[in-house]
Amino acid sequence: SAVEYGLDAPFSVEYHDSIPSTNARARDRAADGASDTVVLADEQTGGRGRLDRDWHSPSGGVWLSVLFRPDVPMAHAPVFTLAAAVAVTRAAREAGVEASIKWPNDVLVRHGDAERKLVGILTEMEGEADRVSWVVVGIGVNANVDPADLPAEAEPTSLLAERGDPVDRRLFTQRLLEEFDTLRQDPANVVEAWRESATTLGKQVRVETPGGTIEGEAVDIQFPGALVIETDSGTEIVSAGDCEHLRPI
Ligand code: BTX
């Protein structure tokens, strides 16, 4: 139970040893009318990433989903992905791991030229254009897991691997949720907080979108989460939802 995990969070927390997907569970809770609820699991057997990709979630991770009902139009919801990235980056840094954000939804750790993936974030929502009904922000942190148990092609890392010893998951999750709670109440400030933790800005990037490939320098991020890219032929603005892949070039 959440009591066993010992969280004192600004959300009601339900804890599962093993569950297919905390996002799926949070969506079910949303359908039942719940809000301000966190679903937390030690292991997921059917974790999902963006575009229906698999998210490997062995025992020892921090796999969680936050369900809430912000009073914002649908188009603003991507800001909560940024908020989650900032929150988890701050919590990781407090745990001694120099994480940074790769737009739109990855948190990674740099080792020289290599970037190793520590976190994935998947935001889902439902509602009307002028007001969301609910938002579920799924945050997957490779906490106390061995990167060798994760897909090698993703170049994964974990808090355990970076620190050399296990992280206190209770403390880490508590800090993550506190940061997220503060940021979600102040969406206008999230973009500024994001700029401070981001690694993407100032870099040459190649972004795959449904409309084709965009190459240029990532110069800024715009509310609620679009990336501004200076290309040879002018400025392009890519929304987070349209990014299929971003690579440094
Ligand atoms: P994404 O689509 O950006 O990344 C998915 C890709 O990441 C996969 O195709 C694979 O290559 C790689 N990958 C899979 N598992 C891991 C891992 N543990 N570490 C590093 N790389 C990996 C990112 O999607 C969004 C992931 C959200 C996960 C959370 S966990 C709690 C919640 N429940 C749920 O089902 N999803 C979210």
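# Reading burial, packing and backbone in a predicted model

Colleague: Glu155 has a relative accessibility of 43%; which label does that value give it?

Modeller: At 43%, Glu155 counts as partly exposed, because that label covers values between the cut-offs of 20% and 50%. Keep in mind that this is a predicted model. You'll find Glu155 in the loop between β7 (131-141) and α4 (159-163).

Colleague: What is there to notice about phi of Glu155?

Modeller: Look at the sign. Phi of Glu155 is near 45°, which is a positive value in a residue other than glycine. Asp52 is another case: its phi is near 65°, again positive and again not in a glycine.

Colleague: Where does Asp52 lie, and is Asp52 buried or exposed?

Modeller: Asp52 sits in the loop between β2 (37-44) and β3 (62-68). Its relative accessible area is 60%, so Asp52 is exposed.

Colleague: Let's stay with the backbone. Which peptide bond has omega near 0°?

Modeller: That is the bond from Trp103 to Pro104, and it is cis. Pro104 belongs to the loop between β4 and β5 (106-111). There's also a cis bond from Phe223 to Pro224, with omega near 5°. Pro224 is in the loop between β9 and β10 (226-231).

Colleague: Now for helices. How do I read the way α3 and α5 cross?

Modeller: Take the axes and ask about distance, then angle. Helix α3 (residues 79-94) and helix α5 (residues 169-184) have axes that come within 8 Å and cross at roughly 145°. The crossing is right-handed. On the α3 side, the residues making the contact include Phe80, Ala84, Val88 and Ala91, and on the α5 side they include Phe172, Leu176, Phe180 and Leu183. Sorted by class, the contact holds twelve nonpolar residues, five charged ones and no polar ones.

Colleague: Charged residues too? What does Glu179 of α5 touch, leaving aside its neighbours within four places in sequence?

Modeller: Glu179 is in contact with Ala87, Arg90 and Glu94. This glutamate lies in helix α5 and is buried, because its relative accessible area is 14%, under the 20% cut-off.

Colleague: And Arg175, buried or exposed?

Modeller: In between! Arg175 is partly exposed, with a relative accessible area of 22%. It also lies in helix α5. Setting aside neighbours within four places in sequence, Arg175 touches Ala91 and Glu94. For a sense of distance, try Arg175 and Arg131: they are 44 residues apart in sequence and 29 Å apart in space, C-alpha to C-alpha.

Colleague: What general idea helps me with the nonpolar residues?

Modeller: In soluble globular proteins, nonpolar side chains tend to be buried together. Here, the largest nonpolar core has 61 residues, and those with the most contacts inside it are Leu64, Val137, Ile139, Leu159, Phe172 and Phe180. Helix α3 gives the most to this core, with eleven residues. Domain 1 (2-197) and domain 2 (204-248) both contribute residues, so the core lies between them. A second, separate core has nine residues, among them Ala26, Ala30, Ala41 and Val136.

Colleague: Which residues does Phe172 touch, not counting those up to four places away in sequence?

Modeller: Phe172 touches Val62, Val88, Ala91, Ala92, Ala95, Val141, Leu159 and Val167. Try picking these out in the 3D view.

Colleague: You mentioned two domains. How many residues are in contact across them?

Modeller: On each side there are 16: 16 residues of domain 1 are in contact with 16 residues of domain 2. The C-alpha centres of the two domains lie 23 Å apart.

Colleague: One more helix. Which residues of α6 (residues 187-197) are buried, and what do they pack against?

Modeller: The buried ones in α6 are Pro187, Val190, Val191, Ala193, Trp194 and Ser197. The buried residues of α6 pack against α3, β4 (99-102), α5 and β9 (212-222).

Colleague: Let me finish with Ala24. Where is Ala24, and what label does its 25% relative accessibility give?

Modeller: Ala24 lies in helix α2 (residues 22-31), and at 25% it counts as partly exposed. Its C-alpha atom is separated by 29 Å from that of Arg93, 69 residues apart along the chain.

Key. Residues are numbered from 1 along each chain as its sequence is written. This is a predicted model: local features need pLDDT of at least 70, side-chain atom pairs count only at pLDDT 80 or more; totals for chains, interfaces and linings use all residues. Side-chain values use heavy atoms; hydrogens and water are left out. Axes are lines fitted to C-alpha atoms, for helices over the stretch in contact, and angles run from 0 to 180 degrees between N-to-C directions. Helices (H or I, at least four residues) and strands (E, at least two) are DSSP runs, numbered from the N terminus. A crossing is left-handed if the near helix is turned anticlockwise from the far one by less than a right angle, and right-handed if clockwise. Contact means heavy atoms within 4.5 Å. Ala, Val, Leu, Ile, Met, Phe, Trp, Tyr, Cys and Pro count as nonpolar, Asp, Glu, Lys and Arg as charged, and the others, Gly among them, as polar. A nonpolar core is a set of buried Ala, Val, Leu, Ile, Met, Phe, Trp, Tyr and Cys residues joined through side-chain atoms within 4.5 Å. Buried means under 20% relative accessible area, exposed over 50%, partly exposed in between (1.4 Å probe, protein chains only). Domain bounds come from an automatic or database domain assignment.
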